[in-house]
Amino acid sequence: MSTSKLPLNGTNGSQRSNRNMAVSGNGNGNTTHESNSSSDGDSIHDGRSSGEAARRKKLLRKNSSPMMPAFMVSAPGKVIVFGEHAVVHGKSAIAASISLRSYLHVTTLSKSRRTICLRFPDVDLVHKWNIDDLPWSVFSHPSKKKYYYDLVTRIDPELMDSLQPHLEDISPHKPTEVRKIHQNSAKSFLYLFLSLGSQKFPGCIYTLRSTIPIGAGLGSSASIAVCLAASLLLQIRTLSGPHPDQPSEEARLQVERINRWAFVGEMCIHGNPSGLDNTVSTQGKAVVYQRTDYDKPPTVTPLWNFPELPLLLVDTRQPKSTAVEVAKVAKLRDTHPKLVGSILDAIDKVTRTAESLIDEEDFDSEEQESLRRAGELMSINHGLLVSLGVSHPRLERIRELVDYQGMGWTKLTGAGGGGCSITLMKPDVPGAEWKKLAGKLESEGYQQFKTTLGGDGVGVLWPAVLKNGLDEDEDGGMEIDLEKFLNAPGTDGVEKLVGVHGGTGEREGWKFWRVES
Ligand SMILES: Nc1ncnc2c1ncn2[C@@H]1O[C@H](COP(=O)(O)OP(=O)(O)OP(=O)(O)O)[C@@H](O)[C@H]1O
Ligand SMILES: C[C@@](O)(CCO)CC(=O)[O-]
């Protein structure tokens, strides 16, 4: 099942602003840089003349280690089709990967450059640390040391405390809410870097660009955590493949290792994630997920034949924080344990009913009756989420425009409080009606995508060279250097330059762990 991004009504990915980044970034990778960062990762600047660009490119090439080529990893966002929030409390949920993805470019510096630089232009973050100044002694203390194969289910407060001094000087002149985003992203990176790396680690530049709107309920944070975990595990040479001939059990082990550490990255951003988002982002496709005991691995049942449901994905463009919405439900549960407990149980029943429904032999994603039954489950699920207090007037407005016009069945997806909704579209609604709706939604500031679900999970491009159908293909392909990556215009430009789908289906270069047996 391939995924595709089909913006309706002339809206395209490059016009979408990643809302949180709108505070200061411009969304096309051409970012304003921190004034206190002037070397390593910052040796590439934007808006330069071509001569200047060439000089900088040469400089960067000279700096990069010939032993370790630049490489990339990518991981998808997700939609939760059933069971968000309940999944945090041990209930089941169904989620599927989407075609919007994060892309991380890793450049290794020459031996003498002892710095680690994070460049996250989507949120206008550039920061650099001296490797030798980081709290290695705390992370490598025998009582604390974790290994790449460990299952880490809690953030260690002492380890986190040791990171604080290294987070304090991030983006000092930015508004508090922007600094918080920067510090969250950096915290997640540093925790993984210090857990998996060592003081001998080479200097590197980690540059991330994402086509997933941030904080929209589409798993942007999880996809970043997956990219960071995968890149570090690759750098310390603990992963095998991905390779087309790799047996599926071996592929599954690699995916499991990445997923375990991605969960740690998610915990740094979210506090109390269920692990669903990073699991779908790592393994792709669609899954039924349940974690009853946080000290044990979750139960993950892949849905290899997840139906190609006709879904309309609408972004309210109302910013929200997953951590805040999750905390809200936890508080409600503390106040009304029995009542909220039964709402969570009811959500679990909806998820399990949906799982059985799509498994029925005569379930047909193009047939009215099948869609009606699935749609009703979505409406019930949404109603239960409303009762948990995680909807938002802008989400309810979508229901007013779609559901009450009899065009489909809508539920919020992800954490709610804003973010995105999904609508299961009725098949017999004329195209003109959908067009009218698209215009209405656009005029009210919504962003919409038409999407199918269930694409690949984490992917690797090693080295960062792609065949793009251009002259360079004859010389082995186009080298994706930092400059090209940073200058790709908008999310469409990123997709076109390095996208797993490249706008036209899978292209040569990206490799995925094939976990299907
Ligand atoms: N492109 C990005 N660049 C840098 N940091 C990002 C990016 N996307 C997400 N993040 C980090 O993830 C945080 C957003 O996570 P949050 O969980 O609130 O939203 P989400 O993952 O998009 O939604 P959900 O968890 O509901 O699916 C940001 O505050 C930031 O720290
Ligand atoms: C709200 C939630 O269920 C989904 C966020 O995408 C939180 C989680 O599962 O970690």
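These notebook entries record what I looked up in a predicted model, beginning with the two ligands and ending with some backbone details.

**Entry 1: ligand 1**

I began with the surroundings of ligand 1, where the shell holds 27 residues, and I noted that D122, S220, S221, T322 and G414 come nearest. I then asked which elements give two or more residues to this shell, and found α4 (176-196), β6 (204-210), α5 (220-235) and α6 (248-270). The most comes from α5, which gives 4 residues to the shell around ligand 1. Sorting the shell by residue type, I wrote down 11 nonpolar, 14 polar and 2 charged residues. I also looked up the domains, and the shell around ligand 1 takes at least three residues from domain 1 (21-304 + 456-512) and at least three from domain 2 (311-451).

**Entry 2: ligand 2**

Next I turned to ligand 2, which has 15 residues around it, with E84, P273, S274, G414 and A415 coming nearest. The elements giving two or more residues to this shell are α7 (276-283) and α8. By type, the shell around ligand 2 splits into 7 nonpolar, 6 polar and 2 charged residues. Where does ligand 2 lie with respect to domain 1 and domain 2? I concluded that ligand 2 lies between them, because domain 1 (21-304 + 456-512) and domain 2 (311-451) both give residues to its shell.

**Entry 3: G414**

I had now written G414 down twice, once among the residues that come nearest to ligand 1 and once among those that come nearest to ligand 2, and I therefore looked at this glycine by itself. I located G414 in the loop between β10 (408-413) and β11 (420-425). Is G414 buried or exposed? I counted 28 other C-beta atoms within 10 Å of G414, and since 20 or more is the cut-off for a buried residue, G414 is buried.

I then listed the contacts of G414, leaving aside its neighbours within four places in sequence, and found I80, E84, G217, L218, G419 and C420. One of these contacts, E84, is also one of the residues that come nearest to ligand 2. I also checked G414 against L118, which is 296 residues away along the chain, and their C-alpha atoms are separated by 27 Å.

**Entry 4: strand β2**

I80, one of the contacts of G414, led me to strand β2, which covers residues 71-82. Why do I call β2 largely enclosed by the rest of the structure? My reason is that 12 of the 12 residues of β2 are buried. I followed its pairings as well: β2 is joined to strand β3 (residues 93-108) by 10 bridges, and the two run antiparallel. In that pairing, S74 stands opposite Y103. I found that β2 is also joined by 3 bridges to strand β13 (residues 459-461), again antiparallel, and here V73 stands opposite V460.

**Entry 5: the UniProt record**

I compared the model with two annotations in an unreviewed UniProt entry. The record places "domain: GHMP kinase N-terminal" at residues 197-281; in the model this span is 53% helix and 8% strand, and its end C-alpha atoms lie 23 Å apart. The record places "domain: GHMP kinase C-terminal" at residues 369-428, a span that is 48% helix and 20% strand, with end C-alpha atoms 12 Å apart.

**Entry 6: backbone details**

Before this last search I reminded myself that most residues other than glycine have a negative phi, and that most peptide bonds are trans. I therefore noted the exceptions that I came across, taking the peptide bonds before the phi angles.

I found a cis peptide bond between G241 and P242, with omega about 5°, and I placed P242 in the loop between α5 and α6. Another cis peptide bond joins W462 and P463, with omega about -5°, and P463 is in the loop between β13 and β14 (465-466).

For phi, I noted that R237 is not a glycine and yet has a positive value of about 60°; R237 is in the loop between α5 and α6. I looked up its surroundings and found that R237 is exposed, with 8 other C-beta atoms within 10 Å. R317, also not a glycine, has a positive phi of about 60°, and its place is the loop between β9 (311-315) and α8 (322-335). With 19 C-beta neighbours inside 10 Å, R317 counts as partly exposed.

How values were computed
Residues are numbered from 1 along each chain as its sequence is written. Chains are lettered from A and ligands numbered from 1 in the order in which they are written. This is a predicted model: local features need pLDDT of at least 70, side-chain atom pairs count only at pLDDT 80 or more; totals for chains, interfaces and linings use all residues. Two residues are in contact if their C-beta atoms, placed from the backbone, lie within 7 Å. UniProt positions are given in the numbering used here, feature names are shortened, and annotations may be inferred rather than shown by experiment. Two strands pair if DSSP finds at least two bridges between them. A residue is near a molecule or strand if its C-beta atom, placed from the backbone, lies within 6 Å of it. Ala, Val, Leu, Ile, Met, Phe, Trp, Tyr, Cys and Pro count as nonpolar, Asp, Glu, Lys and Arg as charged, and the others, Gly among them, as polar. Domain bounds come from an automatic or database domain assignment.
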